[in-house]
Amino acid sequence: MSSVAHYKCAMFFCSAMMPKKDKDAEKEEDFYQRMGISRNATSEEVRKAYKLLSLRYHPDKIAQRAATQASEEGKTQEEIQEEAQLKFQQIKEAYDTLIDVQKRKLYNAAGHQNMSILNNPSQMGQKEVVQNLRDSTFGEKSKLMIAMLFPIMLIILPLILICVNVDKTSESEWSWVLTL
């Protein structure tokens, strides 16, 4: 199964387990803000923004300018390099998502917080999952229930049909339909 199909299945069936929009999450900078581009930016605009930002925050470039920045900002060279390293990683993450058409569609649909959970589901704690299930709508809970019951029925149904056929309790060929 491709990663895009995996994300689509996860979003469809596990929408009840996705966190709801949080006020703190809205304050967090999204990928478009990190890159300084609009939501309808083309791939070429994303590349240009990445090139400019990577030149500004690349750790090797910062190492060259760290001494002058440290004296101006009152920070140590190590602090400036750590901040630049973190900013560069954030820019790289945003670029990797926005340059790929499928990942960008998923990001636009799921949002920043849900995208990180789709990439690493183990970061959600048990309490958060239970709280999200409690707060989810009936439709979201129904999807999740269908996702759990469908595989179980695929396993149990053939066993029932085999038992009916072996017992020969049915008089006609189609009476097993009535058994179900």
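Are Tyr50 and Tyr95 buried or exposed? In this predicted model, Tyr50 is buried, and Tyr95 is buried as well; the views below take up this pair and the other aromatic contacts in turn.

**View 1. The tilted pair of Tyr32 and Tyr107.** The structure contains three aromatic pairs, and in one of them the ring centres of Tyr32 and Tyr107 lie 6.1 Å apart with the planes at 50 degrees, so this pair is described as tilted. Tyr32 belongs to helix α3 (residues 31-35) and Tyr107 to helix α7 (residues 101-119), and the contact thus links distant parts of the chain, 75 residues apart. Tyr32 is buried, with a relative accessible area of 2%, and for Tyr107, also buried, the relative accessible area is 2%.

**View 2. The stacked pair of Tyr50 and Tyr95.** Here the ring centres of Tyr50 and Tyr95 are 4.0 Å apart and the planes stand at 20 degrees, which is under the 30 degrees used as the limit, so the pair counts as stacked. Because Tyr50 lies in helix α4 (residues 43-57) while Tyr95 lies in helix α6 (residues 77-99), the pair ties together parts of the chain that are 45 residues apart in sequence.

**View 3. An aromatic cluster that includes Phe31.** Tyr32 and Tyr107, shown as a pair in the first view, are joined here by Phe31, and these residues form one aromatic cluster.

**View 4. A lysine over the ring of Tyr57.** In this last view Lys87 lies over the face of Tyr57, at a distance of 5.7 Å from the ring centre.

Methods. Residues are numbered from 1 along each chain as its sequence is written. This is a predicted model: local features need pLDDT of at least 70, side-chain atom pairs count only at pLDDT 80 or more; totals for chains, interfaces and linings use all residues. Side-chain values use heavy atoms; hydrogens and water are left out. Rings of Phe, Tyr and Trp (its six-membered ring) pair if their centres lie within 6.5 Å; planes under 30 degrees apart count as stacked, over 60 as edge-to-face and the rest as tilted. Helices (H or I, at least four residues) and strands (E, at least two) are DSSP runs, numbered from the N terminus. Buried means under 20% relative accessible area, exposed over 50%, partly exposed in between (1.4 Å probe, protein chains only). A charge sits over a ring if NZ of Lys or CZ of Arg is within 6 Å of the ring centre and within 35 degrees of the ring normal.
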